[in-house]
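Before the labels on this model are accepted, each of them deserves to be set against the rule behind it. The turns below ask why a term applies and answer from the value.

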Amino acid sequence: MEIKVIKHLLDASQKKAGEIRNLLAEKKTLMVNIIGSPGSGKTSLLEKTLAALKPKYALAVIEGDVATDRDAVRLQKYDVPICLINTEGACHLEPMSIRKSLDEFDLGNLDIVFVENVGNLVCPAEFDIGEHAKIAIASVAEGHDKPEKYPLLFNECKAVVLNKVDLLPYTDFDKNYFYESVCKLNGNVPIIETSCRAAQGLDAWFTLLGEMRAELLK
Amino acid sequence: MHEFSIVEGLMGIIEETAQKHSLCRVDLVKLKIGAMRQAVPEALQFAFEALADGTVAQGAKIIIEEIPVRIKCNDCSGENTVKDYAFFCPSCESRQVTVIQGKELFIESLEGD
């Protein structure tokens, strides 16, 4: 006999992401999921963000890495709550460990939680962790073809940070090609050009975060 | 991607459903998987054969229906199938579109006795 089931195959994971989404809405805490290749500048972006926004907002970080606490240690000097998740082999963060991490924070007194996902353009895009926005970070050094090669992330993200623009004169990075590729996948998604190293372009990123926060509080 | 995780989830649902309906064996499983999910049918098949071994679904056939990516235009309301990952409306060329299909990851049904 045929039995209709119609159930999501990652049902437990979906439910947990939904639980996180409800919790963040209740506490009015913005959570952004920063996704990019290893070396694209996720931690550098967070360093600049924590330094600039800590006077204005109560911030926290969930730091995901396969191994080591190197990124968490880099962020310690900004004196915000940090929860480190060592996935010990898993290539992405999933909602169960995010939910446990959120319990470590005084969520009601936090404005923004940043999740620095494992360095990977593929798998983190697949897994909903209950975030308000996925932010794709790509760097000039990786080449201009990454959006078309990793379409799910660039289609799902709410913003693209194009980092290391100070390297443009030294590479064959075709900015028009990159912009067109992103536009083809994701209409009017903002592309914010930055150099974390040279502290360029970051104001637009901070403004975007402020807008996301304002949207949440409506 | 993560076909083993997906099949682990599937096996849980199959076992729960089989128990609920007192099935001694499951012969057929129908899945609906959206084209944007990056799931490889051959890898799903392989993972299923490995994980179904020794369970009520051992030897069951899997049928995977791939669901194409479709968008609805926020400006002209036209609905179209996405070709070549181009997420804009072919009728009015608007980039303001909503994905209405193509991210599914469901078990539709199963058959057994």
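Q: Which residues is Asn117(A) in contact with, leaving aside its neighbours within four places in sequence?
A: In this predicted model, Asn117(A) is in contact with Asn33(A), Ile34(A), Ile35(A), Lys42(A), Gly64(A), His92(A), Leu93(A) and Pro124(A). Asn117(A) itself is found in the loop between strand E5 (112-116) and helix H5 (123-126) of chain A.

Q: Why is Asn117(A) called buried?
A: The term is kept for residues under 20% relative accessible area, and Asn117(A) has a relative accessible area of 1%, so the label buried applies.

Q: What makes the approach of Asn117(A) to Leu93(A) a candidate for a polar contact?
A: A polar atom of the side chain of Asn117(A) lies 3.1 Å from the backbone nitrogen of Leu93(A), and the rule asks for a pair of N or O atoms within 3.5 Å.

Q: Why is the pair Arg99(A) and Glu19(A) called a salt bridge?
A: The side chains meet at 2.9 Å, N to O, and the cut-off for a side-chain nitrogen of Lys or Arg and a carboxyl oxygen of Asp or Glu is 4 Å, so the term applies. Arg99(A) lies in helix H4 (residues 95-102) of chain A and Glu19(A) in helix H1 (residues 11-27) of chain A, so the pair ties together parts that are 80 residues apart in sequence.

Q: Are Arg99(A) and Glu19(A) buried or partly exposed?
A: Arg99(A) counts as buried because its relative accessibility is 16%, whereas Glu19(A), at 34%, counts as partly exposed; the limits that decide this are under 20% for buried and over 50% for exposed, with partly exposed in between.

Q: How do you know that the salt bridge of Glu156(A) with Lys103(B) joins two chains?
A: The closest N and O atoms of Glu156(A) and Lys103(B) are 2.5 Å apart. Glu156(A) lies in helix H7 (residues 151-156) of chain A, and Lys103(B) in the loop between strand E5 (97-101) and E6 of chain B, so the pair joins two chains. Lys103(B), at 28% relative accessibility, counts as partly exposed.

Q: What makes Asp84(B) exposed and Lys184(A) partly exposed?
A: Asp84(B) has 60% relative accessibility and therefore counts as exposed, since that term requires a value over 50%. Lys184(A) has a relative accessible area of 28% and is therefore partly exposed. These two residues form a salt bridge, with the closest N and O atoms 3.1 Å apart.

Q: How many salt bridges are counted between chain B and chain A?
A: The count between the two chains is six, one of them between the side chains of Lys4(A) and Glu108(B) at 2.9 Å, N to O. Helix H1 (3-20), strand E1 (26-34) and strand E6 (105-112) of chain B each supply at least two residues of the side that touches chain A, and E6(B) gives the most, with eight residues.

Q: Why are strand E1 of chain A and E6(B) said to pair?
A: Pairing requires at least two bridges between strands; five bridges join strand E1 (residues 2-8) of chain A to E6(B), so the condition is met, and the strands run antiparallel. Within this arrangement, Ile3(A) stands opposite Leu110(B) in E6(B).

How values were computed
Residues are numbered from 1 along each chain as its sequence is written. Chains are lettered from A and ligands numbered from 1 in the order in which they are written. This is a predicted model: local features need pLDDT of at least 70, side-chain atom pairs count only at pLDDT 80 or more; totals for chains, interfaces and linings use all residues. Side-chain values use heavy atoms; hydrogens and water are left out. Helices (H or I, at least four residues) and strands (E, at least two) are DSSP runs, numbered from the N terminus. Buried means under 20% relative accessible area, exposed over 50%, partly exposed in between (1.4 Å probe, protein chains only). A polar contact is a pair of N or O atoms within 3.5 Å; within protein, one must be able to donate a hydrogen and the other to accept it, and residues adjacent in sequence count only if both atoms are side-chain atoms. Contact means heavy atoms within 4.5 Å.
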